[in-house]
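User: Please take a close look at one part of this model. Start with how it is built, then follow it outward to whatever else deserves attention.

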Amino acid sequence: MKRLVILGGGTAGTMVANKLRAALGSHELHITVVDRDDAHHYQPGYLFMPFGIYNTTDIVRSRHRFLTDGIDLVLTEIDRVDPAYRTVYLADGRTLSYDYLVIATGVAPRPDATPGMQGTLWGEKVHEFYSLPGAQALTEAMRRFRGGRLVVHITEMPIKCPVAPMEFTFLADDWLRKHGIRERTDVTYVTPLDGAFTKPVASRELATALVDRQIALETDFAVEHIDNDTAELVSFDGRRIGFDLLVTVPLNMGADYVARSGMGDELNLVPCDQHTMASLAHPGVWVLGDAGTLQTSKAGSVAHFAVDVFVHNFVDEFNGRTPTHGFDGHANCFIESGNRKGMLLDFNYTTEPFTGNFPLPGVGPFKLLKETHLNHIGKLAFRWIYWNLLLPGRPIPMIPTTMSLAGKRVETDVTPAGTGLPTAAPPSSPAPLPHARPATPAPAAKPVPERARSLKPLPEGRAHTPKPLPEERASASVTKGPRLETKPLPRPSAPPGGYVDRPGVDSTADPATVLPDPIIPKF
């Protein structure tokens, strides 16, 4: 009997376990899921907790409840993986041998990686909502907030659910108005990107929504540290943004065992094929969910569609057939915009999010990149869909795995001249391939550039000061927000092709090397 080990019992890990159990009998394939505890979090719900819409009981349930019979669940931390011997070493001393391995341990916020983020203001004026404890603490901070400077900030990309910081900003604006304190609050959205979003058309529409709400947009902001004495964000180019309440999205990194296993890049993400999710370096290994280097959004919808492709290919190859399916980077995301309205994005590797109707042309009923009450209902309804359809592996009606142009108002000119914003490049992977290994050797890891800033182990939450970035940066215009002083901006450069493989980072090891120039991919 063949053995499949799935590392991570979150969204992607649970879906793939259930779908493969339904497709292949327990006498054919033994499936084991490994995670550190039995608490499955509905992570999109973190966004709603600070505004009293959801509470902890709405978003946390047991993992084993959503794994079908015939799947083993092992609850412990992962020490490392030895892909050469196809063995997983667990923290409690046990080992698991495998024929096939799925890495689905996602990413997690790392506030300790930014100097000053976990300083004296952490938990008082500095908060995050990308973890359950963070969302709980922010709930109390919002309750105490009486006005001033509210700053919503993204440290670096990529992050889980890249629209979530924008959603928080919209919801905060609505919440402040309902509580009568919006007029005495300056709201600023600070991003390392050169626009409100990574896609030009969506960036244009979202920037307009910010302007309509009198929310300042500060772009190309590469944070160097947080000054706890003055309560300011400080960028590498010297800009300083003061705050009375900072809601930040810390650096997102993959699991430490990935670094200990020598399988990841500088953010502990596992390099994988853009269309089959197969590891580029290790046979018999696939990467699903947020743990890999797919150049599309790290979101539940992406995990859903990628898992569908993977399961088709896996079953075909398991039964001796040639796999033929390829993932197109499809992402489908509701954006909560406040006042009981929402937007919807639908895009893939090569197609921008456009306006139009979804999923049926002319009918919808959902509107793309347009604020409607029905989009808001769709956002809230997704929680029921998540628990009852998505995790069990049941089909979601009228939502295709491959993106369709039906109903979209395609804009042929998404160049800077057409949108006023930079365009995005498609991923550099070749056309869809079977999930067997590519014929060409996997790329060797490239050394970390000399100008990389180093990060020693981070005991007791202490951050380390990175080295300054080079001075040769292009200047860019930014929208000045209230009480901001800006200077010519150094633009961190993205590597050719978007993705560069570098050694992984183990935050428990000494020494560790991490974080060269701020990574700002253009998906």
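Analyst: Begin with one strand pair in this predicted model. Strand β12, residues 148-154, lies alongside strand β18, residues 245-249. The two are joined by 5 bridges, and the sense is parallel. (Strands, of at least two E residues, and helices, of at least four H or I residues, are DSSP runs numbered from the N terminus; two strands pair at two bridges or more.) One bridge can be named: Ile154 of β12 has Val249 of β18 as its partner.

Some ground rules. Numbering runs from 1 along each chain as its sequence is written, and side-chain values use heavy atoms, without hydrogens or water. As this is a prediction, local features need pLDDT of at least 70 and side-chain atom pairs 80 or more, while totals for chains, interfaces and linings use all residues.

Now widen the view. β12 and β18 belong to an open sheet of 5 strands. Read across, the order is β11, β18, β12, β13, β14. The pairing is parallel. Which strands stand at the edges? They are β11, residues 126-127, and β14, residues 216-218. Each has a single partner strand, so one side of each has no neighbour in the sheet.

Follow the chain on from β12. The loop between β12 and α4 holds Cys161. This residue has a phi near 45°, which is positive although Cys161 is not a glycine. Its relative accessible area is 24%, so Cys161 is partly exposed (buried is under 20%, exposed over 50%, partly exposed in between, with a 1.4 Å probe and protein chains only).

A second positive phi comes further along. Ala231 is not a glycine, yet its phi is about 55°. Ala231 sits in the loop between β15, residues 223-227, and β16, residues 232-235. Buried or exposed, where does Ala231 fall? Ala231 is buried, at 8% relative accessible area.

The two flanking strands form a hairpin, with 4 residues between them. Ala231 is in that turn. β15 and β16 run antiparallel and share 4 bridges. Asp227 stands opposite Glu232 in β16. Of the 5 residues of β15, 4 are buried, so the rest of the structure largely encloses this strand.

Two cis peptide bonds deserve a stop as well. One joins Phe358 to Pro359, with omega at about -5°. Pro359 is part of strand β23, residues 355-360. Another runs from Gly364 to Pro365, with omega near 10°. Pro365 belongs to strand β24, residues 364-368.

Next, the aromatic side chains. The whole structure holds 20 aromatic pairs (ring centres of Phe, Tyr or the six-membered ring of Trp within 6.5 Å; planes under 30 degrees apart are stacked, over 60 edge-to-face, the rest tilted). Take Phe66 and Trp387. Their ring centres are 5.0 Å apart and their planes meet at 25°, so this pair counts as stacked. What does the pair tie together? Phe66 comes from the loop between β4 (60-62) and β5 (71-75). Trp387 comes from helix α8, residues 373-390. The contact therefore ties together parts that are 321 residues apart in sequence.

Both rings belong to buried residues. Phe66 has a relative accessible area of 9% and is buried. Trp387 is at 3% and is buried too. Nor does the pair stand alone. Ring pairs link Phe66 and Trp387 with Tyr42, Phe382 and Tyr386 into a cluster.

One last long-range approach. Ile53 lies in the loop between β3 (39-41) and α2 (56-59). Ile53 is partly exposed, with 41% relative accessibility. From Ile53 to Leu380 the sequence separation is 327 residues. In space, their C-alpha atoms are 9.9 Å apart.

To return to the starting point: β12 pairs with β18 in the parallel sense, inside the order β11-β18-β12-β13-β14. The loop between β12 and α4 carries Cys161, with its positive phi. The hairpin of β15 and β16 carries the positive phi of Ala231 in its turn.
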